[in-house]
Amino acid sequence: MSISRKSIALAAALVLTAGLASGALVRAQQSEPAGQTASSVPASAGEEAPPPASALSGAVVIPPSPPSEAANVQPDTSESPSAESSAKPTPPMKRPRYQAAVLQALDKVTAETLRFEAPINRPIRYKSLIFVVRACETTAADEGFTDAASYIEIDSQPIPPDGKPPPPPKQVFRGWMFANGPGVHPFEHPVYDAWLIACKTDAPGA
C-alpha cells in the first residue's frame with residue numbers, strides 16, 4: 001500500500017514537471033517576434049521571398065497621393081500665329097523679266113563692233129551669225145547685287161550668194177550670258193565675239 005502511494009506521488013511529480021515545461025515553451029513562442037521563423041528561411045534561387053505575415057496583417061496601406069497641379073499641366077507645344085509666321089522663311093522675290101536684250105558683237109578680223117537690240121524669240125542676224133534671245137532678266141531686289149542675264153542661242157549661217165539657198169544653220173552657242181560676268185559663260189568663235197550689255201523694256205505682267 002505504501003509502494004502504491006509512492007508511485008502515485010512520483011507520477012504526479014512527473015506530470016507537474018511536464019506541465020511546467022510545456023508552459024515555458026508556450027511563453028517562449030509567444031515572446032518570439034512574429035515572422036521571425038518565416039524570414040529566417042532563405043528564398044529559393046530565382047524566386048522573390050514573400051513578405052512576412054506581419055506586413056500583410058498589421059501593415060497600414062497608404063493611398064498614393066494625388067498628382068500635383070504642376071504635374072497635370074501639360075506643356076503647350078502649340079505655337080502662336082506670330083511665332084509660326086516668323087519661323088517660316090521668306091520666299092525669294094521673283095526676278096523681273098524683259099522683252100529684249102541689248103547685245104554687242106565684235107568682228108575680230110575687221111575690229112568692227114555693233115550694239116543692237118534683240119527682242120525675245122525674234123532672230124537677229126549679224127553678218128553670218130543669227131541671235132535668238134529666249135529670256136532676259138535682272139536680279140531681284142533681295143539678292144544683294146545687280147546683274148543682267150540672258151539665255152541666248154547663236155547659230156552660224158553664212159549669207160549665200162545671190163540666187164542660192166542658204167546652208168543649214170549650225171548652232172555655235174546656247175546658254176546664259178551675264179552682263180557683269182562675260183567670262184562666266186563666254187561665246188567662243190574664231191571670227192566673232194558677242195556679249196550681253198543689258199535687258200531692256202519690261203515684259204508684260206513681269
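Here a trainee and a mentor talk through how the labels on this predicted model are earned.

Trainee: What should I keep in mind before we start?

Mentor: This is a predicted model, where local features need pLDDT of at least 70, side-chain atom pairs count only at pLDDT 80 or more, and totals for chains, interfaces and linings use all residues. Residues are numbered from 1 along each chain as its sequence is written, and side-chain values use heavy atoms, with hydrogens and water left out.

Trainee: How many helices and strands are there, and how do you know where one is?

Mentor: The chain has five helices and seven strands. They are DSSP runs numbered from the N terminus: H or I over at least four residues for a helix, E over at least two for a strand. Along the sequence the pattern reads α-α-α-α-α-β-β-β-β-β-β-β.

Trainee: What makes Arg97 and Glu137 a salt bridge?

Mentor: The rule asks for a side-chain nitrogen of Lys or Arg within 4 Å of a carboxyl oxygen of Asp or Glu. Arg97 and Glu137 have N to O at 2.6 Å, so the pair passes that test. It links distant parts of the chain: Arg97 sits in the loop between α5 (81–87) and β1 (98–107), Glu137 in strand β4 (residues 129–138), 40 residues apart. In general, side chains of opposite charge can pair when their charged atoms come close.

Trainee: Why is Glu137 called buried, and why is Arg97 called partly exposed?

Mentor: Buried means under 20% relative accessible area, exposed means over 50%, and partly exposed is in between, with a 1.4 Å probe and protein chains only. Glu137 has 11%, so the label is buried. Arg97 has 41%, so the label is partly exposed.

Trainee: Which residues are linked with these two in a network?

Mentor: The network of salt bridges links Arg95, Arg97, Glu137 and Glu143. The whole structure has seven salt bridges.

Trainee: What makes Lys200 and Glu117 count as a salt bridge too?

Mentor: Their closest N and O atoms are 2.4 Å apart, so they meet the same 4 Å rule. Lys200 is in strand β7 (residues 192–202) and Glu117 in strand β2, 83 residues apart. Lys200 has 39% relative accessibility and Glu117 has 37%, so each is partly exposed.

Trainee: How do you know that Lys127 and Glu112 form a salt bridge?

Mentor: Here N to O is 2.9 Å, so this pair qualifies as well. Lys127 lies in the loop between β3 (124–126) and β4, and Glu112 in strand β2 (residues 112–119), 15 residues apart.

Trainee: Why is Gln157 called buried, and what is Gln157 in contact with?

Mentor: Gln157 has a relative accessible area of 12%, so the buried label fits. Gln157 lies in the loop between β5 (148–156) and β6. Contact means heavy atoms within 4.5 Å. Leaving aside neighbours within four places in sequence, the contacts of Gln157 are Arg125, Ser128, Ile130, Pro166, Pro167, Pro168 and Pro169.

Trainee: Is Ile197 buried or partly exposed?

Mentor: Ile197 has 25% relative accessibility, so it counts as partly exposed. Ile197 is in strand β7, and its contacts beyond four places in sequence are Val102, Leu103, Gln104, Arg115 and Ala179.

Trainee: What makes an empty space a cavity, and how many of 30 Å³ or more are there?

Mentor: On a 1 Å grid over the protein atoms alone, a cavity is a set of points where a 1.4 Å probe fits but cannot get out; lining residues have an atom within 4 Å of a point. The structure holds one cavity of 30 Å³ or more. The largest cavity has a volume of about 40 Å³, that is, the space filled by probe spheres set on the points, which are joined across faces, edges and corners.

Trainee: Which residues line the largest cavity?

Mentor: The lining is Met177, Phe178, Pro182, His185, Pro186, Phe187, Ala194, Trp195 and Leu196. Strand β7 gives the most, with three residues.

Trainee: How does the lining divide, and what makes a residue nonpolar?

Mentor: Eight are nonpolar, one is polar and none is charged. Ala, Val, Leu, Ile, Met, Phe, Trp, Tyr, Cys and Pro count as nonpolar, Asp, Glu, Lys and Arg as charged, and the others, Gly among them, as polar.

Trainee: What share of the 206 residues is buried?

Mentor: Buried residues make up 21% of them.

Definitions and conventions:
On a 1 Å grid over the protein atoms alone, a cavity is a set of points where a 1.4 Å probe fits but cannot get out, and a pocket is an open set with protein on both sides within 12 Å along at least five of seven lines; lining residues have an atom within 4 Å of a point.
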